[in-house]
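Hi everyone, thanks for making time. I'd like to walk you through a structure that is new to most of us, so please bring it up on your screens.

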Amino acid sequence: MAHQLSVLGEKTLVIQDRGLIDYKAYAPKEWEKTLKELRKTFELEDHFSYDHVIFSYDHVIFLETAAKGALQHFTNANNPARNCSPELAIELDNKTLEAWKSEGYNPVVISNEGNHFTDKVMTAIKAIETFLS
């Protein structure tokens, strides 16, 4: 739908909690298999690659884990799928950010700097406003 609206010249915003590139960080051994399955399922060309995936995102806003710089706000209690230590959260955060970085492509990183989550959200909203203007 986003592509259809953008073809019509409409500004379109799609917000995701996770993107396909995150999978590269969380399951690096499965990454190439995943690309192969995408090629097969969607009848994509054989050269469909990491670059095709990452550049399908116009903008990415990366909110760092609270375990970095705002440990007092880090918790697993608000997300039943999360069950990691702060150390593992930082490790996965670093791997995920690295997976998103590409030559010519850098996500907007919103760090904690001791702020509350609502401050991070407001910073993200300001970044979205900049993207859409």
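I'll go from the inside of the chain to its surface, with a stop at the charged pairs on the way. One thing before we start: this is a predicted model.

Let's begin with the nonpolar interior. The largest nonpolar core has 14 residues. If you want to find it on your screen, look for the residues with the most contacts inside it, which are I21, L35, V53, I54, Y57, W100 and Y105. Which elements build this core? Helices α2 (20-26), α3, α4 and α5 each give two or more residues to it.

Pick out I54 for a moment. Leaving aside residues up to four places away in sequence, I54 touches I21, A99, W100, S102 and Y105. Three of those partners, I21, W100 and Y105, are again on the list of residues with the most contacts in the core. There is also a second core, separate from this one, with 6 residues, and A66, A67, C84 and A89 are among them.

Now for the charged pairs. As a general reminder, side chains of opposite charge can pair when their charged atoms come close. How many salt bridges does the structure hold? There are 5, and I'll show you some of them.

My favourite involves K68. You'll find K68 in the loop between β1 (61-63) and α5 (86-100). Is K68 buried or exposed? With a relative accessible area of 17%, K68 is buried, because the cut-off for buried is under 20%. Its salt-bridge partner is D93, with the closest N and O atoms 3.1 Å apart. D93 sits in helix α5 while K68 is in the loop between β1 and α5, so this pair ties together parts that are 25 residues apart in sequence. Both residues of the pair are buried.

The story of K68 goes a little further. E64 joins in as well: E64, K68 and D93 are linked in a network of salt bridges. And if we ask what else K68 touches, not counting residues up to four places away in sequence, we get I90, D93, N94 and N112.

Two other salt bridges are worth a look. The side chains of R18 and D22 meet at 2.8 Å, N to O. Here the two partners sit in unlike surroundings: R18 is partly exposed at 46% relative accessibility, whereas D22 is buried at 6%. Then there is E30 with K33, whose closest N and O atoms are 4.0 Å apart. E30 is partly exposed, at 34% relative accessibility, and K33 is exposed, with a relative accessible area of 52%.

Let's finish on the outside. Which residues make a nonpolar surface patch of about 290 Å²? They are L13, I15 and L132. L132 belongs to helix α6 (residues 117-132), and its relative accessible area of 32% makes it partly exposed.

One last residue, and it is a curious one. E43 has a positive phi of about 50°, although it is not a glycine. Look for E43 in the loop between α3 (31-41) and α4 (50-54). At 73% relative accessibility, E43 counts as exposed.

That's my tour. Thanks for listening, and I'm happy to go back to any of these spots with you.

Note on methods:
Residues numbered from 1 in each chain as written. Predicted model: local features only at pLDDT ≥ 70, side-chain atom pairs only at ≥ 80, totals over all residues. Heavy atoms only, no water. Helix = DSSP H or I, 4+ residues; strand = E, 2+ residues; numbered from the N terminus. Buried < 20%, exposed > 50% of the residue type's maximum accessible area, 1.4 Å probe, protein only. Patch = residues over 30% accessible without salt bridge, like charges linked within 9 Å, V, L, I, M, F, W, Y side chains within 5 Å. Areas by Shrake-Rupley, 256 points an atom, 1.4 Å probe, with all protein chains shown as cover. Contact = heavy atoms within 4.5 Å. Core = buried A, V, L, I, M, F, W, Y, C linked by side-chain atoms within 4.5 Å.
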